[in-house]
Structures are given as structure tokens and as C-alpha cells.
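Biologist: I would like to take a close look at one part of this model, beginning with its paired charges and moving on from there to the packing around them.

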Amino acid sequence: MVELLIRLKFTLGRHGSVGTRFFSLVMIALGVGLTWYLAVAASSDQVRSGLLMLALAVWASGWVLGPTITNGVGVLRAQYFTLLPLDRDRVGAGLLVTAFVGLGPLLTLVATATVAWHAWASDPATLFLGLLGMMALLVFMVSLSRLVFRALGVAMHSRIGMEIASLQWGLIVAGLFFGWMAVQPAFSAVSSLSREGLQGTVLTVVSAVPTSWPVLAVDAAATGSWGA
């Protein structure tokens, strides 16, 4: 069944908008390149730690918003199989597996591999923590994406769900109109970030995000705090 579901997922993806697929692929590839640039170009382990925490938080945000923006192109929905004489547990397990199959999860794994690189660069003894962290991040991001997408789909049947969706699309449209104004300053700040890193409140906030915990675990182990 898993093989059939994977083939069905790729079939749905091929019948989606070519422009949407191309744009998504370009954005993901640029994200991978920028994440690795920040990891390699960081001037110190502390700077690299802060930059990776910020980058991974952005990756998680992309996974949460991506399926909603693209209207779930290539996403298998449970309601497709409600009228078929199939075991619900088998269908659920199959859908869970297929969520981790595709170019998006693969490129995300390449991006989260920066945690393993950070571990190796900080202290080779912490490499296994980096490897565990990169896998945990992939599972977390994909699972969170499916959960939010499913929750919004259910919420759309209520008034408050439609209001939440309207607010989200309003922010997206506003970003499309005025987001270009932040592109140039953002690219200009990349070089300074690789030297100075994050500081102050921004670093405190991103440290509290769950996607930062694998990086913090590596940092703690590198300083000898294996219990932490």
C-alpha cells in the first residue's frame, strides 16, 4: 500500500501547477544554499549556533505555511480514502510514510544536516548528537506541517477557521506587495551576521523555539554538559 500511495502522491504533484512547483523548488534550493553558507561562513562556534537556530526556525515556518499557500498540492488527504474498504490504521501509517517522501523532505534533510556539521566543527565527539538532531528536526517539521494543514482544513468548516485563513492570506498578500523592500537589507546583513551572529533578544527568542533544541544540545555537549 505504501508504494501505491507514494506513486499517487507523485502523480498528484505532476498534475499541479508547473509554475508553483518550479517556484517552490527554487525557494527550497536557495534556502538550502543559504543555510549551508551561514553554517560554513560563521566566524565561530557561538556565531554558527545562533545562525543555525534562526535558519531552522525559518525552515519550520516554511513547512507550516508552504502546504497552505500551495493549497496542498501533492499532499494526500485522508478523505480521499474514506469510501474505500481499507483499514484506517494501515491508511494512516501509509500516509505518515508518504509525508516523508519527496524532494521537499530530501532537501530539508540536506539543510538540517548543518546541525551535524555544527557538531563536527564544535567537537567531533558530539557528532552522533548532530545526526540524531537532524533526523529529529526533519520528523518534527514534516509532522508539524501535516498537523497544521489538517487542523486548518478542519477549521475551515467553522467561522473562526475562515477568519484565521483570511488573516493568514492577508499577511501573505501584504508580504508579496511589500516584502521585496526587506530583500536587499536582508542580503546585506548576511555577511555581517556570519561575523557577529545573533545577539540580545533575538537570540533569546530563537533559543526557545523547539527547532533550536538540537543545536543547544550539541552546544551543551561540546562544553562537557552531557546531562543538559
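Biologist: How many salt bridges does the count come to in this chain? Please go through the residues concerned, and then the surroundings.

Modeller: This is a predicted model, and the count comes to one salt bridge, in which Arg48 is paired with Asp45 and the closest N and O atoms lie 2.9 Å apart, inside the 4 Å limit that such a pair has to meet. Side chains of opposite charge can pair when their charged atoms come close. Both residues belong to helix α3 (residues 45-69), where they are three residues apart and thus separated by about one helical turn. An α-helix has 3.6 residues a turn, so residues three or four places apart point the same way. The two partners fall into separate accessibility classes: Arg48 is buried, with a relative accessible area of 7%, whereas Asp45 is partly exposed, at 33%.

The helix that carries this pair also takes part in the packing of the chain, which has 10 helices and zero strands. The largest nonpolar core has 20 residues, and those with the most contacts inside it are Leu56, Trp59, Val115, Met141 and Val215. Two or more residues of this core come from each of α2, α3, α5, α6 (127-155) and α10 (213-222), and it is α3 that gives the largest share, six residues. In soluble globular proteins, nonpolar side chains tend to be buried together. A second core, separate from this one, has five residues, among them Leu5, Leu76, Phe81 and Leu95.

Helix α5 (residues 103-122) shows this packing from another side. The 20 residues of α5 should span 28 Å at 1.5 Å a residue, and the end C-alpha atoms are 29 Å apart, which agrees. Among the buried residues of α5 are Pro105, Leu107, Ala111, Thr114, Val115 and His118. Leaving aside neighbours within four places in sequence, Val115 is in contact with Leu56, Gly130, Leu137, Pro214, Val215 and Val218. Thr114, at 0% relative accessibility, counts as buried, and, with residues up to four places away in sequence not counted, Thr114 touches Thr35, Trp36, Ala39 and Leu52.

A further approach involves the loop between α9 (200-207) and α10, where Val209 lies. The C-alpha atoms of Val209 and Ala57 are separated by 7.0 Å, although their positions lie 152 residues apart along the chain as a sequence separation. Val209 counts as partly exposed, at 27% relative accessibility. For the chain as a whole, 81% of the contacts between residues at least 6 apart in sequence join residues at least 24 apart.

On the surface, Phe22, Phe23, Val26, Met27 and Leu30 make a nonpolar patch of about 540 Å². One of these residues, Leu30, is found in helix α2 (residues 18-41) and counts as exposed, at 56% relative accessibility. The protein chain exposes about 13500 Å², and carbon and sulfur atoms supply 72% of that area, while 32% of the 228 residues count as buried.

Note on methods:
Residues are numbered from 1 along each chain as its sequence is written. This is a predicted model: local features need pLDDT of at least 70, side-chain atom pairs count only at pLDDT 80 or more; totals for chains, interfaces and linings use all residues. Side-chain values use heavy atoms; hydrogens and water are left out. A salt bridge is a side-chain nitrogen of Lys or Arg within 4 Å of a carboxyl oxygen of Asp or Glu. Helices (H or I, at least four residues) and strands (E, at least two) are DSSP runs, numbered from the N terminus. Buried means under 20% relative accessible area, exposed over 50%, partly exposed in between (1.4 Å probe, protein chains only). Contact means heavy atoms within 4.5 Å. Patches are made of residues with over 30% relative accessible area and no salt bridge: like charges are joined within 9 Å, nonpolar side chains (Val, Leu, Ile, Met, Phe, Trp, Tyr) within 5 Å. Accessible areas come from the Shrake-Rupley method with a 1.4 Å probe; for residues, only the protein chains shown count as cover. A nonpolar core is a set of buried Ala, Val, Leu, Ile, Met, Phe, Trp, Tyr and Cys residues joined through side-chain atoms within 4.5 Å. The expected span of a helix is 1.5 Å times one less than its number of residues.
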